[in-house]
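Trainee: I am new to this structure and would like a close look at a single part of it, namely the way its helices pack against one another. Could you take me through that slowly?

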Amino acid sequence: MNQEAKVVLPENLNHYIADYLRRKIFCGDSYRKGDQIVERDIAEELNVSRSPVREALKELEHQGIVVAKPRVGWFVAKHTEKELREIMEVRTMLELRMFEDLITGDRLNKEDFALLDGHMKKEKRMIAEKDSWLRTVGFADLDMEFHMFLLEKTDFSLIKNILRSLYYQIRLSLLNNMCSDDQVELFHRRHAIILDGLKNKDFSEIEKVLSIRRQWYK
């Protein structure tokens with residue numbers, strides 16, 4: 001039994017295993033796009049039966065992270081350029097509504113903005129990382145953290161559920177689309193504009209940067 005199997009598992013195995021697999025996929029060192037995930041191997045790694053592994057994979061399938069091929073198995077999702085454009089289009093429409101709600105509902109306080117300012121400093125430090133792969137993985141994590149934080153502050157439960165699923169899919173795509181210094185800095189600048197727009201309650205600036213992002217994916 002390996003070291004990972006010695007972890008004391010929580011009562012809700014399905015969610016634990018789903019999170020375990022997300023981390024293995026998102027780190028990029030265990031699974032890449034298109035790789036097969038074998039239920040038996042994961043069950044042995046965690047010293048559990050295959051049933052909760054299967055349920056965890058179904059959860060990831062619902063989030064668009066893995067796909068099931070009948071009579072073949074489970075595979076890390078590979079989105080086409082067309083699918084990615086559609087994902088970004090839906091994301092942009094929902095985020096516009098989300099940011100509007102954050103401003104009109106006055107849902108961010110001083111403590112929230114202080115945390116976001118600290119987050120921006122972490123992004124700057126990550127941009128300075130010399131290892132390109134560590135920078136890509138690290139910044140992709142920070143990108144998701146930034147948007148997830150804001151997502152949890154909105155008052156739309158359905159939008160939360162949809163965007164949360166989309167963010168997981170986008171996180172997977174970022175590993176192959178955000179490797180250069182210019183692209184990482186572009187994401188950081190977008191975050192800065194969004195944050196300034198939220199602070200100044202200027203929805204037009206946020207709308208502008210999201211519109212530019214939408215064009216970038218077309």
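Mentor: What follows is a walk through the helix contacts, with a short look at the aromatic rings at the end. Please keep in mind that this is a predicted model.

Let us begin with helix H6, residues 132-153, and its partner H5, which covers residues 110-127. The axes of H5 and H6 come within 9 Å and cross at roughly 165°, and because angles over 145 degrees count as roughly antiparallel, H5 and H6 are described as roughly antiparallel to each other. Their crossing is left-handed. On the H5 side the contact is made by Asp112, Leu115, Leu116, His119, Met120, Lys122, Glu123, Met126 and Ile127, while H6 brings Leu134, Arg135, Gly138, Phe139, Leu142, Glu145, Phe146, Phe149, Leu150 and Lys153. Sorted by class, this contact of H5 with H6 holds 11 nonpolar, 2 polar and 6 charged residues.

H6 also meets helix H4, residues 81-104, and here the axes come within 9 Å and cross at roughly 55°, which makes H4 oblique to H6. This crossing, too, is left-handed. From H4 the contact draws on Arg91, Glu95, Met98, Phe99 and Leu102, and from H6 on His147, Leu150, Leu151 and Lys153. By class, the contact of H4 with H6 has 5 nonpolar, 1 polar and 3 charged residues. Leu150 and Lys153 of H6 therefore deserve a second look, because they are listed in the contact with H4 and also in the contact with H5, where contact means heavy atoms within 4.5 Å.

Another pair to consider is helix H2, residues 39-46, with helix H3, residues 50-62, whose axes come within 9 Å and cross at roughly 120°. The crossing of H2 and H3 is right-handed. Glu39, Arg40, Ile42 and Ala43 of H2 meet Arg50, Val53, Arg54 and Leu57 of H3, and in terms of class this contact has 4 nonpolar, no polar and 4 charged residues.

Turning to the rings, a search of the whole structure finds 0 aromatic pairs. There are, however, charges placed over rings: Lys69 lies over the face of Phe75, at 4.5 Å from the ring centre, and the charged end of Arg190 sits over the ring of Phe187, 5.4 Å from its centre.

Terms used. Residues numbered from 1 in each chain as written. Predicted model: local features only at pLDDT ≥ 70, side-chain atom pairs only at ≥ 80, totals over all residues. Heavy atoms only, no water. Axes fitted to C-alpha atoms, helices over the stretch in contact; angles between N-to-C directions. Helix = DSSP H or I, 4+ residues; strand = E, 2+ residues; numbered from the N terminus. Parallel < 35°, antiparallel > 145°, perpendicular 65-115°, else oblique. Left-handed = near helix turned anticlockwise from the far one by under 90°. Nonpolar A, V, L, I, M, F, W, Y, C, P; charged D, E, K, R; others polar. Phe/Tyr/Trp six-rings, centres within 6.5 Å; stacked < 30°, edge-to-face > 60°. Lys NZ or Arg CZ within 6 Å of the ring centre and 35° of its normal.
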